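This briefing deals with empty space in a protein model and with one helix-to-helix contact. Please look over the sequence and the structure before reading on.

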Amino acid sequence: MSGKPRLTYLNGRGRMESIRWLLAAAGVEFEEVYLETKEQYEKLIKDGFLLFQQVPLVEIDGMKMVQTRAITSYIAGKYNLYGKDLKERALIDMYVEGISDLMQMILMFPFSPPDAKEKNLESIKDRATNRYFPVFEKVLKQHGQDFLVGNKFSWADVQLMEAILAVEEKVPDVISGFPQLQVFKTKMSNMPTIKKFLQPGSPRKPPPDAHYVETVLKIFKK
C-alpha cells in the first residue's frame, strides 16, 4: 500500500466525483481502480468489500468506506474542511445537502429517455436559478466574505464550485444573474489545489457520454 486513498468506481463522474473533488481540493493524491465488468463488481461484494453492495468504495486509513456522504464527511473532517464547531458544521451540512439535491438531478440526466431530456434540462435550469443558487448568492452577499462558512475554505465551497461548473456545462449562462457567484467561481478557480484539478490530465472526469451510460447499465443492471 502506498498510503494514498484508493478509490474504486467506474471511469466516470457519478457518485465518486464529489469525493475526487474534495480530495483534490485538500491537496491529497489518490489512486483509482476502475470497474469495467459486472464480474468485478460482484467479486467486490463476494469478498466483503461493499457493506451495502454499493460503490463508491474508498480505502483510507485502514478502512473500506462506502456511502458517499460518510466518505465525504470523513475526508472533510480529516483535512480540516468541516468548520471549527458544531454550528459551522451544521451550516456546512445544510449547504452540502442542498447542493447534493441539485447534483442528483445532474447525475441522473444522462440516463433520461431522449424524449425527456429537454424537460429535465429545463428542470435543472429552473432549480439552479430559482431555488439553489439564490441561496448562495444571498449568503455570500450578506456576510461579504470569500467563503460560505466561517470565512474559511470548507467542504461547502468545494461542493458549490463543483455544482456551478456541472450546471454551466448544460446551461452556460446559468450564473449570469448572480454577481457574487461569479466572483466566488473566479476565486475558487484560482485556488492552487482547485486550479490544478481543473487542468487537463487531472483526475477530474469529463461529462458522462454514451459509453459511460452503457457501462453503468451493464455493471449495475439486475
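How many cavities of 30 Å³ or more does the count come to? The model is a predicted one, and the count in it comes to 1 cavity of 30 Å³ or more. The points below take up that cavity, then the two pockets, and finally the contact of α6 with α7.

**The cavity**
- The largest cavity has a volume of about 40 Å³, and its lining is made up of N80, G83, E88, V149, K152, F153 and S154.
- Sorted by class, the lining of the largest cavity holds 2 nonpolar, 3 polar and 2 charged residues.

**The largest pocket**
- The largest pocket encloses about 970 Å³ of space and is lined by 38 residues, of which Y9, G14, R15, Q104 and L107 lie nearest its centre.
- At least two residues of this lining come from each of the helical elements α1 (17–25), α3 (68–78), α4 (86–108), α6 (155–170) and α9 (210–220).
- Among these contributors, α4 gives the most to the lining of the largest pocket, supplying 9 residues.
- The lining of the largest pocket divides by class into 19 nonpolar, 10 polar and 9 charged residues.

**The second largest pocket**
- For the second largest pocket the volume is about 270 Å³, and of the 15 residues that line this pocket, N11, G12, H211, Y212 and T215 are the closest to its centre.
- The most to the lining of the second largest pocket is given by α9, with 5 residues, and α9 also supplies at least two residues of the lining of the largest pocket.
- In the lining of the second largest pocket there are 7 nonpolar, 4 polar and 4 charged residues.

**The contact of α6 with α7**
- The axes of α6 and helix α7 (residues 179–189) come within 10 Å and cross at roughly 110°.
- Because angles of 65 to 115 degrees count as roughly perpendicular, α6 is described as roughly perpendicular to α7.
- On the α6 side the contact is made by D157, L160, M161, I164, L165 and E168, while α7 takes part through L181, F184, K185, M188 and S189.
- Divided by class, the residues of the contact of α6 with α7 are 7 nonpolar, 1 polar and 3 charged.
- Besides its contact with α7, α6 supplies at least two residues of the lining of the largest pocket.

Terms used. Residues are numbered from 1 along each chain as its sequence is written. This is a predicted model: local features need pLDDT of at least 70, side-chain atom pairs count only at pLDDT 80 or more; totals for chains, interfaces and linings use all residues. Side-chain values use heavy atoms; hydrogens and water are left out. On a 1 Å grid over the protein atoms alone, a cavity is a set of points where a 1.4 Å probe fits but cannot get out, and a pocket is an open set with protein on both sides within 12 Å along at least five of seven lines; lining residues have an atom within 4 Å of a point. Grid points are joined across faces, edges and corners, and a volume is the space filled by probe spheres set on the points. Ala, Val, Leu, Ile, Met, Phe, Trp, Tyr, Cys and Pro count as nonpolar, Asp, Glu, Lys and Arg as charged, and the others, Gly among them, as polar. Helices (H or I, at least four residues) and strands (E, at least two) are DSSP runs, numbered from the N terminus. Axes are lines fitted to C-alpha atoms, for helices over the stretch in contact, and angles run from 0 to 180 degrees between N-to-C directions. Angles under 35 degrees count as roughly parallel, over 145 as roughly antiparallel, 65 to 115 as roughly perpendicular and the rest as oblique. Contact means heavy atoms within 4.5 Å.
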